[in-house]
Amino acid sequence: MTTALSEPAAIPELASLDRATFQGEIRKAAKPVVIRGLVKDWPAVQAGLSGAETVTDYITSCEPRKPVRALAAKPSENGRFFYNERLDGMNFMTAEGQLEAFLGDLMLSAEIPEPPAMAVQSEIIQDLMPAFAQANSLDLLPDVPARIWIGNRIRVAPHYDLKENIACCVSGRRRFTLFPPEQVSNLYPGPFELTPAGTPVSMVELAAPDLEKYPRFAEAAKTALAATLEPGDAIYIPYTWWHGVESLDPVSVLVNYWWHDAPEGTASPYGALLHALLAYRHLPEDQRKSWRATFDHYVFAENGDPGAHLPEHARGIMGPPTPEMFGEMRAMIKQIVG
């Protein structure tokens, strides 16, 4: 049963953004925001405003110097990169080739009423096209590598990244639909073992949510935020916010910046989640309840600093984060796990 839901609320917008405001206010708030016209002066954006052929010619003129990985799905998938019907594989194929050839195929697909879905995703621009990276840079994040995403009318299911993200719309429009991290249970994530791009994605089809199969999505929909980016616009997506993305035009180009600030030496939170599933998921309920309380105390500091009652010299792994302390923790874990 497909049920219509109310439209998501609009993501708050800014007309401009400087580095001090971004670092001091936007990131601390940990809420998504759209920055209109943030990269409107990029040569790539200006080329895109002149048409799809102009922007693909511009990309080609930057002399791509390495092969890229491309995705393609049948026209019957309606642009959606997702699982196959059995959930034992994906509904798309991958191949490697030259970017110039992909761009040529992309332009040909723009003339087809029902084209296959096509995309090149997450290529590091400095490695692929140094000239593009030099001419189109973001002052807000001068030290973060930029990645490029090129495709036609494609849809990506809501998912979360283990990084913060600024995504800049270069050519074509993109629709972003966001959900806060605490909506994870209402978004019905897919399997861990098989994912389109890393972390589990939502099984709910945003264009036609089936509330009989996924009834709790109605609660997630109440928290949804959305925006359509025009060329030159950008969006800030905070750490682990779920986001579904839809490209609305036959040729679409996006540049994004991913980064994760954490003390040197910390382990992968995602890896820790998998380990926690292994260690706690199948314990008796009373034992899981006791470990929840322990995690709340030591990991999430629900009761304040868990080491505050100890003298500084005795706090050990409860003390301030240092590479040495993380090294000690790794040694303890290695001894326990074997």
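Trainee: Where is Thr 240 found?
Mentor: Thr 240 is found in the loop between strand 13 (234-237) and strand 14. Helices (H or I, at least four residues) and strands (E, at least two) are DSSP runs, numbered from the N terminus.

Trainee: Anything I should know about the model first?
Mentor: It's a predicted model, where local features need pLDDT of at least 70 and side-chain atom pairs count only at pLDDT 80 or more, while totals for chains, interfaces and linings use all residues. Residues are numbered from 1 along each chain as its sequence is written, and side-chain values use heavy atoms, with hydrogens and water left out.

Trainee: OK, back to Thr 240. What is its phi near?
Mentor: Phi of Thr 240 is near 60°, a positive value in a residue other than glycine. Most residues other than glycine have a negative phi.

Trainee: Is Thr 240 buried or exposed?
Mentor: Thr 240 has a relative accessible area of 18%, so it is buried. Buried means under 20% relative accessible area, exposed over 50%, and partly exposed in between (1.4 Å probe, protein chains only). Those areas come from the Shrake-Rupley method with a 1.4 Å probe, and for residues only the protein chains shown count as cover.

Trainee: And Leu 87, what's its phi near?
Mentor: Near 60° for Leu 87, a positive value in a residue other than glycine. Leu 87 lies in the loop between strand 5 (80-81) and strand 6 (92-97), and with a relative accessible area of 36% it is partly exposed.

Trainee: Switching to the whole thing: how many helices and strands are there?
Mentor: The protein has 10 helices and 15 strands. Its radius of gyration is 22 Å, close to the 20 Å that the globule rule gives for 338 residues, so it is as compact as a globular protein of that length. The radius is taken over C-alpha atoms, and the rule is 2.2 Å times the number of residues to the power 0.38.

Trainee: What share of the residues counts as buried?
Mentor: 40% of the 338 residues.

Trainee: Pockets next. How much space lies in the largest pocket?
Mentor: About 2200 Å³. Of the 42 residues that line the largest pocket, the closest to its centre are Ala 272, Phe 295, Tyr 298, Val 299 and Met 329. Helix 8 (269-280), helix 9 (285-298) and helix 10 (323-337) are the elements that give two or more residues to that lining.

Trainee: How is a pocket defined here?
Mentor: On a 1 Å grid over the protein atoms alone, a pocket is an open set of points where a 1.4 Å probe fits, with protein on both sides within 12 Å along at least five of seven lines; lining residues have an atom within 4 Å of a point. Grid points are joined across faces, edges and corners, and a volume is the space filled by probe spheres set on the points.

Trainee: And the second largest pocket, how much space lies there?
Mentor: About 750 Å³. It is lined by 34 residues, and the closest to its centre are Trp 149, His 159, Asp 161, Ala 197 and Trp 258.

Trainee: Where is the place of Ala 197?
Mentor: In the loop between strand 11 and helix 7 (217-222). At 74% relative accessibility, Ala 197 counts as exposed.

Trainee: Last one: which residues does Thr 56 touch?
Mentor: Not counting residues up to four places away in sequence, Thr 56 touches Leu 103, Met 107 and Val 251; contact means heavy atoms within 4.5 Å. Thr 56 is found in helix 3 (residues 52-61), and at 5% relative accessibility Thr 56 counts as buried.
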